[in-house]
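Here is a set of exercises to work through with the structure open beside you. Try each task before you read its solution.

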Amino acid sequence: MPNIQIVLFDGFDLMDAIGPYEVFMAAGMLSGSHLNVNFVSAEGARIVPSGMKGPGLPASGFIDPNCAGILLVPGAMGKVGPEDAGPDAVVTQLLQAKESGLMPLLRQAMNNESMTVSTVCGGAMLLAMDGLLEGRYAVTHVLGMEAFGAMGAKPVPARVVVDGRLVTGGGVTSGLDVALYLVEREWGPRVAHAVEKLFEYERRGTVWTEAGLEPMNFMKSSDSGEEKSPSVRLNTAESLSDDTVTGTWDLTISTPVGKFPIVMTLTEVNGAVQGTFQQGDELTELTDLRIQNSHMTWSLSIKKPMRLHLKFDVTVEGDQLSGLSKAGMLPSSKVLGVRRTY
């Protein structure tokens with residue numbers, strides 16, 4: 001029988017963890033199986049506080065990312081408004097978990113062929129923040145789906161999404177559906193149905209997998225067949241001189257978890273402007289670069305403080321620029337820059 005570990009971290013959502021726990025325990029009781037279901041943490045045995053100053057749960061020991069079985073990652077509980085970036089915000093709680101000792105263990109679990117990694121609600125966001133869902137089909141809470149795509153995942157608006165050994169669930173109550181799917185997979189539909197009857201709950205929605213025929217999309221726009229823009233789009237600024245934006249810029253991006261310095265270099269090549277961003281040792285090309293008068297927009301993929309595909313919108317005034325960067329529903333970050341050299 002599989003070993004089932006439910007991960008706890010500071011600020012976790014109680015329902016994300018408790019719902020699946022009760023499903024798994026009921027499955028063990030109704031199947032006559034002795035299941036090893038434990039709350040675990042990256043720090044080992046301790047009382048782990050839930051979000052919004054809620055009650056804590058006892059973790060019985062350390063996460064074991066190398067064993068066979070199921071690892072379930074809950075989301076965080078907190079404020080969810082698009083501009084909420086304080087200590088009680090869901091985004092802040094997830095970023096703190098990302099910077100803890102939890103992520104190396106989750107990376108190991110994702111690479112363990114004998115482990116099914118499952119998530120509830122914002123648990124998938126936590127994986128995506130570290131680039132672990134790059135190119136993977138997954139779902140998270142509806143409020144985070146736009147940002148989810150900005151982190152490189154392939155968002156699917158389903159209740160439960162299965163992509164190989166990855167099983168993700170949507171909003172908070174989908175933890176019941178994720179756990180019931182796993183119970184049916186491991187012990188069969190009769191045990192899963194018995195748990196549903198015991199809980200007086202019926203699973204919602206279809207479990208989505210990339211299988212079968214691809215349905216026709218009647219919502220596509222009429223111009224969907226147009227040629228896609230290249231990875232780096234070069235644009236001339238018709239009303240600007242070459243030295244209006246070109247040069248080396250020292251930028252600061254102010255995020256909910258601190259300020260991050262970035263060096264942007266803009267050059268003019270054959271009448272077109274192109275650019276790069278350097279963050280530490282990482283050098284990235286700007287894409288979809290557009291310049292109109294003193295207004296400039298571009299897209300960029302970064303890895304710190306999390307994996308994100310950002311969209312920038314700034315105004316250039318002489319040797320200074322200011323504006324915002326945005327990634328889906330995540331709070332906007334203020335961007336300030338000073339030109340160092342031409």
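**Exercise 1. Aromatic pairs**

How many aromatic pairs does the count come to in this predicted model? Take one pair, Tyr 137 and Trp 208, and describe its geometry and its place in the chain.

*Solution.* The count comes to 5 aromatic pairs. For the geometry, recall that a pair of aromatic rings is described by the distance of the centres and the angle of the planes. The rings of Tyr 137 and Trp 208 are 5.0 Å apart, centre to centre, with 50° between their planes. Planes under 30 degrees apart would count as stacked and over 60 as edge-to-face, so the remaining label applies: this pair is tilted.

Next, place the two residues. Tyr 137 belongs to strand β8 (residues 137–138) and Trp 208 to strand β12 (residues 207–209), so their pairing ties together parts that are 71 residues apart in sequence.

Finally, check the burial of each partner. The cut-off for buried is under 20% relative accessible area. Tyr 137, with 19%, is buried, while Trp 208, with 28%, is partly exposed.

As an extra, look for the aromatic cluster formed by Phe 277, Trp 298 and Phe 312.

**Exercise 2. Two threonines**

Find Thr 116 and Thr 276, and work out for each whether the residue is buried or partly exposed.

*Solution.* Begin with Thr 116, which sits in strand β7 (residues 115–119). Its relative accessibility is 8%, so Thr 116 counts as buried. Now look at its side chain, which makes a polar contact of 3.0 Å with the side chain of Arg 185. Beyond the neighbours within four places in sequence, the residues in contact with Thr 116 include Gly 69, Ile 70, Leu 71 and Val 167.

Turn to Thr 276, in strand β15 (residues 272–279). The relative accessible area of Thr 276 is 25%, so this residue is partly exposed. Leaving aside neighbours within four places in sequence, Thr 276 touches residues including Val 263, Met 264, Leu 283 and Leu 286. You can also trace the C-alpha to C-alpha distance from Thr 276 to Leu 300: 9.2 Å in space, for a separation of 24 residues in sequence.

**Exercise 3. Helix α6 and its partner**

Does the span of helix α6 agree or disagree with the expected value, and which residues of α6 meet α7?

*Solution.* Start with the length. Helix α6 (residues 174–187) has 14 residues, and at 1.5 Å a residue, counting one less than the number of residues, the expected span is 20 Å. The end C-alpha atoms are 20 Å apart, so the two values agree.

Then consider burial. α6 is mostly covered, with 10 of its 14 residues buried; among them are Asp 177, Tyr 181 and Trp 187. After the helix comes Gly 188, which has a positive phi near 100°.

Now add helix α7 (residues 189–199). Two packed helices are described by the angle between their axes and the distance between the axes. The axes of α6 and α7 come within 7 Å and cross at roughly 145°. From α6, the residues that meet α7 are Leu 176, Leu 180, Val 183, Glu 184 and Trp 187. Their partners in α7 are Pro 189, Val 191, Ala 192, Val 195, Glu 196 and Phe 199. Sorted by type, the residues of this contact give 9 nonpolar, no polar and 2 charged.

**Exercise 4. A covered helix**

How many residues of helix α2 are buried, and what covers them?

*Solution.* Helix α2 (residues 90–98) has 8 of its 9 residues buried, so "mostly covered" is the right description by the 20% cut-off. The buried residues include Val 90, Thr 92, Leu 95 and Lys 98. Their cover includes α3 (102–111) and α4 (123–129).

**Exercise 5. Positive phi outside glycine**

Where do Met 52 and Glu 200 lie?

*Solution.* First, the background: most residues other than glycine have a negative phi. Met 52 has a positive phi near 55° and lies in the loop between β3 (46–49) and β4 (56–59). With 42% relative accessibility, Met 52 counts as partly exposed. Glu 200 has a positive phi of about 50° and lies in the loop between α7 and β12. Its relative accessible area is 77%, so Glu 200 is exposed.

How values were computed: Residues are numbered from 1 along each chain as its sequence is written. This is a predicted model: local features need pLDDT of at least 70, side-chain atom pairs count only at pLDDT 80 or more; totals for chains, interfaces and linings use all residues. Side-chain values use heavy atoms; hydrogens and water are left out. Rings of Phe, Tyr and Trp (its six-membered ring) pair if their centres lie within 6.5 Å; planes under 30 degrees apart count as stacked, over 60 as edge-to-face and the rest as tilted. Helices (H or I, at least four residues) and strands (E, at least two) are DSSP runs, numbered from the N terminus. Buried means under 20% relative accessible area, exposed over 50%, partly exposed in between (1.4 Å probe, protein chains only). A polar contact is a pair of N or O atoms within 3.5 Å; within protein, one must be able to donate a hydrogen and the other to accept it, and residues adjacent in sequence count only if both atoms are side-chain atoms. Contact means heavy atoms within 4.5 Å. Axes are lines fitted to C-alpha atoms, for helices over the stretch in contact, and angles run from 0 to 180 degrees between N-to-C directions. Ala, Val, Leu, Ile, Met, Phe, Trp, Tyr, Cys and Pro count as nonpolar, Asp, Glu, Lys and Arg as charged, and the others, Gly among them, as polar.
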